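Some terms used for a protein model are easier to follow when each value is set against its cut-off. The questions below do that, one term at a time.

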Amino acid sequence: MLVNGKSYRTIEASCDLTRVTIIDQTTLPFDFKLIDLESLGDIIVAIKSMQVRGAPLIGVASAYGIALAMNVDSSNKALDSAAHQLKGSRPTAVNLTWAVNKITEHLSGLKPNDRAKAAWIFASQLAEDDIKTNIEIGKAGLVLLKNIEKSQINILTHCNAGWLATIDRGTALSPIYNAAEEGMNIHVWVDETRPRNQGMNLTAWELSQANIPHTIISDNTGGLLMQQNQVDCVLVGADRISMDGQVCNKIGTYLKALAAKAHDVPFYVAAPLSTVDKNFLDKCRPFEIECRDPDEILKIKGQKNDGKILEVKIGLSKAYNPAFDITPAEYVTKVICEKGSYNPGDIGALLS
Ligand code: MRU
């Protein structure tokens, strides 16, 4: 997508296959900064610190992490160790494990000497596939938006499931970009998404770059807006979807789904099929809900009038910071994926 008129992707490999360049997502919306990652260790730090984030992007970043590791040592031991370290870097989004398993499986069948080059090719292919997938999600989602018969369509979104969370285009924001490009009259309510404010810092920044009308709201405002008929649909991404349509996504998603159900507002989830977890079904939840540093709640970052970024403490008590929640399938109207839009209960069947 364009940033100040220039086209970028969130992650790009260098021509000499020695590093990747990423957009540092911890400095937005104040500074747009590109940084180079040159080792497996750099990739792991970037994922843990959320310089790269969003389920599809951390999957592709992990694949590049394997490629960087193979540049140094392409033995079986090094491959296993890199895969293990990457899988431990963030636990909830299934795309990370999915991408690491896919590239590891591919490389395991090759001689060690052939692995480094093959890893770069494979990781780049995952990046290209992500973009194609998101374009298809955008088309399927646009059909749903076009079904809303209103002179202006108000969409509420949570967290950031835009191009910054993927390689390009985004998942939940992909239909929104399509609608804007077709000249539809849309407006996006952007949940700030405490504690890390991905909505305010990233989604609002993305929408500003694309000149799409939007308004940041506090995480507590969606219910009132739905009660006042000011939300025509909710559109969010996902970090993991069960075979029976439960949706694990950024903390606070579930509350929006409850409010949407109470007010008869369609609740749409946009995600690639790589987000569906074959082992997640009914009450079986074979993953950890990431619990992050309480300081993310107790401190807040901002920009002073002189342009300096500073972090201040805003709370002194103990804090608890789970990063994701699970929305039961009965609150989800449709899951939008690269194959179209489906009832949540039908999504698992698409994998086979
Ligand atoms: O903790 P984050 O910022 O990585 O969480 C991101 C989300 O919850 C997104 O909604 C999800 O990954 C979908 S991204 C296309």
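**Salt bridges, burial and overall form**

Q: What makes the contact between Lys150 and Asp232 a salt bridge?
A: In this predicted model, the side chains of Lys150 and Asp232 come together with N and O at 2.4 Å. A salt bridge needs a side-chain nitrogen of Lys or Arg within 4 Å of a carboxyl oxygen of Asp or Glu, so the pair of Lys150 and Asp232 at 2.4 Å qualifies.

Q: Which parts of the chain does this pair link?
A: Lys150 sits in the loop between α5 and β6 (153-157), and Asp232 in the loop between α8 (222-227) and β9 (233-236). The two are 82 residues apart, and the pair links distant parts of the chain.

Q: Why is Asp232 called buried or exposed?
A: The relative accessible area of Asp232 is 11%. Buried means under 20%, so Asp232 is buried.

Q: Why is Lys150 placed in its accessibility class?
A: Lys150 has a relative accessible area of 42%. Buried ends at 20% and exposed begins over 50%, so Lys150 counts as partly exposed.

Q: How do you know that Glu136 and Lys139 form a salt bridge?
A: Their side chains meet with N and O at 3.1 Å. The cut-off is 4 Å, so the pair of Glu136 and Lys139 is counted.

Q: Where do Glu136 and Lys139 lie, and what separates them?
A: Both belong to helix α5 (residues 112-146), three residues apart, which means that about one helical turn separates them. An α-helix has 3.6 residues a turn, so residues three or four places apart point the same way.

Q: Why are Glu136 and Lys139 given their accessibility classes?
A: Glu136 is at 33% relative accessibility and Lys139 at 47%. Partly exposed covers what lies between under 20% and over 50%, so Glu136 is partly exposed, and so is Lys139.

Q: What makes Asp295 and Lys299 a salt bridge?
A: The closest N and O atoms of Asp295 and Lys299 are 3.4 Å apart, which is within 4 Å and therefore meets the rule. Asp295, at 27% relative accessibility, is partly exposed, and Lys299 is partly exposed at 28%.

Q: What joins Arg90, Arg196, Glu290, Arg292 and Glu296 into one network?
A: Salt bridges that share partners join these residues. By the same 4 Å rule, the count of salt bridges comes to 16.

Q: Why is helix α6 called largely enclosed by the rest of the structure?
A: Helix α6 (residues 173-181) has nine residues, and seven of them are buried, so the helix is largely enclosed. Among the buried residues are Leu173, Pro175 and Tyr177. The buried residues of α6 pack against α5, β6, β7 (186-191), α7 (198-209) and β9.

Q: What follows α6?
A: Gly183 follows, and its phi is positive, near 80°.

Q: How do you know that the protein chain is as compact as a globular protein of that length?
A: The protein chain has 10 helices and 18 strands. Its radius of gyration is 20 Å, and the globule rule gives 20 Å for 352 residues, so the chain is as compact as a globular protein of that length. Buried residues make up 55% of the 352 residues.

Conventions: Residues are numbered from 1 along each chain as its sequence is written. This is a predicted model: local features need pLDDT of at least 70, side-chain atom pairs count only at pLDDT 80 or more; totals for chains, interfaces and linings use all residues. Side-chain values use heavy atoms; hydrogens and water are left out. Helices (H or I, at least four residues) and strands (E, at least two) are DSSP runs, numbered from the N terminus. The radius of gyration is taken over C-alpha atoms; the globule rule is 2.2 Å times the number of residues to the power 0.38. Buried means under 20% relative accessible area, exposed over 50%, partly exposed in between (1.4 Å probe, protein chains only). Contact means heavy atoms within 4.5 Å.
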